[in-house]
Amino acid sequence: MRIPGPAEIRALHEKYAPTTEAFALVHTHCEIVWGIAEQLLAAPHLAHLDAELVRAGCLLHDIGVYRLYGDDGRLDHRNYIRHGLLGQEILEAEGFPEALSRFCSHHTGVGLTRHDIVSQGLPLPLGDYVAVTAEERLVMYADKFHTKSRPSAYLSPDEFAARVRGFGEDKVTAFQALRAEFGDPDLSGPVSGTEAGGGAASAVVQG
């Protein structure tokens, strides 16, 4: 499987971003998520993971957000839950394989299940959108430590656990399982992997 590199992925972001502001917000977030994942990948017990695939997954996971910007330049927050599937559609249209498009549709929260969709009345096709491979789980996990909200900010493990508790204790349990699998990132200093102006030092980050 051919895995696109950072330059090719950046060009995709530029292609689909409706404004330079949207590009800066989304692409910077994706780079920060990669910086977090890259840090976690340094752990010896994760040496078997495909780092190149993880990098592509991190840099692509939120590309569907661009489809939620209206003509007025505003983000459709009401339908934000759909950004993963919209990203999958973009990557499929670009000819990328399912192994890459799944990073878009299977990273939201700590996984969306059929039960979640029905019980919460989510505007999604009925299905299970749960990370399966270790690479998918790592991208989903790294994404939890940075939010694009205004202002963007890093979230500690305890802060994210508190946020996700509102969706049920089972979500907290799922997040704690990810912590046990991948460990806690060090968010006290700059996170590598960022190229755009909003690097980790200037943004103190949920995807």
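**Figure 1. Arg10, His13 and Glu14 of helix 1 meet Phe23, Val26, His27 and Cys30 of helix 2 in this view of the predicted model.** By class, the contact of helix 1 with helix 2 has 3 nonpolar, 2 polar and 2 charged residues. The model shown here and in the other views is predicted, not experimental. Helix 2 covers residues 20-41, and its axis comes within 10 Å of the axis of helix 1. The two axes cross at roughly 155°. Because angles over 145 degrees count as roughly antiparallel, helix 1 and helix 2 are described as roughly antiparallel to each other. The crossing of helix 1 and helix 2 is right-handed.

**Figure 2. Cys30 and its surroundings in helix 2.** Is Cys30 buried or exposed? Cys30 has a relative accessible area of 0%, so Cys30 is buried. Leaving aside neighbours within four places in sequence, the residues in contact with Cys30 are His13, Cys58, Leu59, His61 and Asp62. His13 belongs to helix 1 and is one of the residues that meet helix 2. Gly57 lies 27 residues from Cys30 along the chain, and the C-alpha atoms of Cys30 and Gly57 are separated by 9.0 Å.

**Figure 3. The cysteines Cys30 and Cys58, with no disulfide between them.** A disulfide is a covalent bond between the sulfur atoms of two cysteines. How many disulfides does the structure hold? The structure holds 0 disulfides. Cys30 is in no disulfide, and the nearest cysteine sulfur to Cys30 is that of Cys58, 8.3 Å away. Seen from Cys58, the closest cysteine sulfur is in Cys30, and the separation of 8.3 Å is too far for a bond. The cut-off for a disulfide is a pair of cysteine sulfur atoms within 2.5 Å. Cys58 has 0% relative accessibility and therefore counts as buried.

**Figure 4. Helix 4 (residues 83-93) and the helices around its buried residues.** Of the 11 residues of helix 4, 8 are buried, so helix 4 is largely enclosed by the rest of the structure. The buried residues are His83, Gly84, Leu85, Leu86, Gly87, Gln88, Ile90 and Leu91. These residues pack against helix 1 (6-16), helix 3 (51-60) and helix 5 (98-105). An α-helix has 3.6 residues a turn, so residues three or four places apart point the same way.

**Figure 5. Ala93 in helix 4, and Gly95 after this helix.** Is Ala93 buried or exposed? Ala93 has a relative accessibility of 64% and therefore counts as exposed. The C-alpha atoms of Ala93 and Lys171 are separated by 32 Å, and these two residues are 78 residues apart along the chain. Helix 4 is followed by Gly95, and the phi of Gly95 is positive, near 90°.

**Figure 6. The packing of helix 7 (residues 134-143) and helix 9 (residues 169-182).** The axes of helix 7 and helix 9 are 11 Å apart, and the two helices pack at an angle of about 110°. Helix 7 and helix 9 are therefore roughly perpendicular to each other. The crossing of helix 7 and helix 9 is left-handed. On the side of helix 7, the contact is made by Ala134, Arg137, Leu138, Met140 and Tyr141. On the side of helix 9, the contact is made by Phe175, Leu178, Arg179, Glu181 and Phe182. By class, the residues of this contact divide into 7 nonpolar, no polar and 3 charged.

Notes
Residues are numbered from 1 along each chain as its sequence is written. This is a predicted model: local features need pLDDT of at least 70, side-chain atom pairs count only at pLDDT 80 or more; totals for chains, interfaces and linings use all residues. Side-chain values use heavy atoms; hydrogens and water are left out. Buried means under 20% relative accessible area, exposed over 50%, partly exposed in between (1.4 Å probe, protein chains only). Helices (H or I, at least four residues) and strands (E, at least two) are DSSP runs, numbered from the N terminus. Contact means heavy atoms within 4.5 Å. Axes are lines fitted to C-alpha atoms, for helices over the stretch in contact, and angles run from 0 to 180 degrees between N-to-C directions. Angles under 35 degrees count as roughly parallel, over 145 as roughly antiparallel, 65 to 115 as roughly perpendicular and the rest as oblique. A crossing is left-handed if the near helix is turned anticlockwise from the far one by less than a right angle, and right-handed if clockwise. Ala, Val, Leu, Ile, Met, Phe, Trp, Tyr, Cys and Pro count as nonpolar, Asp, Glu, Lys and Arg as charged, and the others, Gly among them, as polar.
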